[in-house]
Amino acid sequence: MFARENLRAVIFDCEGVIADTEALWDASQAELFRRRGLVYDRAAVKPCLVGLSLEAGAAWLIENFDWPGDAANLAAERRDLMRTSLSRDASFMPGAQNCLQWMQSQGLQYALATALDGDLFAALDRRLGLRELFAHRVFLLEGSGAHSKEDGALFLQVARSCAWPAAECAVAEDAPGGLRGARAAGMRAIGFTTTFAASDLSAADVIVPDFRAFQELLRSGE
């Protein structure tokens with residue numbers, strides 16, 4: 001159950017919620033596997049990589065597929081595959097910009113928390129202007145000391161930096177690990193079914209398909 005009462009701010013995931021990049025990641029992962037003579041099994045691999053840093057994801061791939069080389073080199077390969085795609089093809093999810101403008105008009109605050117590699121985020125930011133859109137309330141997993149969002153530490157860092165009580169925050173995520181992190185941080189968890197099916201988002205307090213439904217959810221408590 002989602003409680004709109006005493007909601008001060010929403011912490012948004014970037015990819016799959018604000019930025020439409022998941023198809024770009026799938027294409028790059030497919031190429032990564034193709035180079036090794038393998039077929040990318042999205043259903044088996046993607047849930048394990050979403051929310052991880054490039055290095056942590058590379059380490060997972062090496063461990064689970066017995067690939068040669070080290071995580072740093074594989075992470076660099078993944079980074080190179082994505083940089084051009086993000087710079088050229090990334091776009092906003094439908095309704096994202098309008099919803100943020102509406103939230104601002106309602107006195108609801110917002111921030112961005114992403115596991116995206118810093119170099120790739122810079123490419124995405126150059127295309128979409130995310131730092132300006134979020135009034136520079138942008139927080140990267142990289143450099144936070146955490147390996148994923150799942151323990152909630154990144155979300156708590158956002159709340160502390162913005163002087164928002166954790167209990168007055170919600171997290172909007174499209175990935176199971178991010179939603180579990182919201183719960184771990186003591187925040188409300190809103191799942192977007194833009195990347196995973198609703199059945200995969202069991203940690204969410206409420207699930208929405210898109211920004212229209214998300215905005216209706218927030219309006220319901222006015």
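In the predicted model, helix H4 (residues 71–89) and helix H6 (residues 118–128) pack at an angle of about 10°, with 8 Å between their axes. Because angles under 35 degrees count as roughly parallel, H4 is described as roughly parallel to H6. On the side of H4, the contact is made by Arg79, Met82, Arg83, Leu86, Ser87, Arg88 and Asp89, and these residues meet Asp119, Leu120, Ala123, Leu124 and Arg127 of H6. By class, the residues of this contact of H4 with H6 comprise six charged, five nonpolar and one polar.

Helix H4 also packs with helix H3 (residues 54–65), here at an angle of about 115° and with the two axes 8 Å apart. This geometry makes H3 roughly perpendicular to H4, and the crossing in which H3 passes H4 is right-handed. The residues of H3 that take part are Leu54, Glu55, Gly57, Ala58, Ala59, Leu61 and Ile62, whereas H4 contributes Ala71, Leu74, Ala75, Arg78 and Arg79. The contact of H3 with H4 is made up, by class, of eight nonpolar, three charged and one polar residues. Arg79 of H4 is listed in the contact with H3 and is likewise listed in the contact with H6.

The strands considered here belong to an open sheet of six, arranged in the order E5-E4-E1-E6-E7-E8 with parallel pairing. At its edges lie strand E5 (138–140) and strand E8 (206–208), each of which pairs on one side only. From one strand to the next, the twist averages 25°. Helix H5 (residues 96–105) packs on this sheet, where it touches strand E1 (9–12) and strand E4 (109–114), and the direction of H5 makes about 140° with that of E4.

Within the sheet, strand E1 is paired with E4 in the parallel sense over four bridges, and four bridges also join E1 to E6, again with the two strands running parallel. Phenylalanine 12 takes part in the pairing on each of these sides: its bridge partner in E4 is leucine 112, while in E6 phenylalanine 12 stands opposite alanine 172. In a regular strand, the side chains alternate between the two faces of the sheet. In E1, Ala9 and Ile11 point one way and Val10 and Phe12 the other way, and all of these residues are buried. Phe12 is thus a buried residue of E1 that has a bridge partner in E4 and an opposite residue in E6.

Further along the strand order, strand E6 (residues 169–173) pairs with E7 in the parallel sense over four bridges, and the bridge partner of valine 171 in E7 is alanine 189. Strand E7 (residues 188–192) is in turn joined to the edge strand E8 by three bridges, and these two strands run parallel; in this pairing, glycine 191 stands opposite isoleucine 207 of E8. Strand E7 is mostly covered, with five of its five residues buried. Both of its faces are covered, since under 20% relative accessible area counts as buried and this applies to Arg188, Ile190 and Phe192 on one side as well as to Ala189 and Gly191 on the other. Ala189, the bridge partner of valine 171, and Gly191, which stands opposite isoleucine 207, therefore both belong to a face of E7 that is covered.

Conventions: Residues numbered from 1 in each chain as written. Predicted model: local features only at pLDDT ≥ 70, side-chain atom pairs only at ≥ 80, totals over all residues. Heavy atoms only, no water. Axes fitted to C-alpha atoms, helices over the stretch in contact; angles between N-to-C directions. Parallel < 35°, antiparallel > 145°, perpendicular 65-115°, else oblique. Left-handed = near helix turned anticlockwise from the far one by under 90°. Contact = heavy atoms within 4.5 Å. Nonpolar A, V, L, I, M, F, W, Y, C, P; charged D, E, K, R; others polar. Pairing = 2+ DSSP bridges. Buried < 20%, exposed > 50% of the residue type's maximum accessible area, 1.4 Å probe, protein only.
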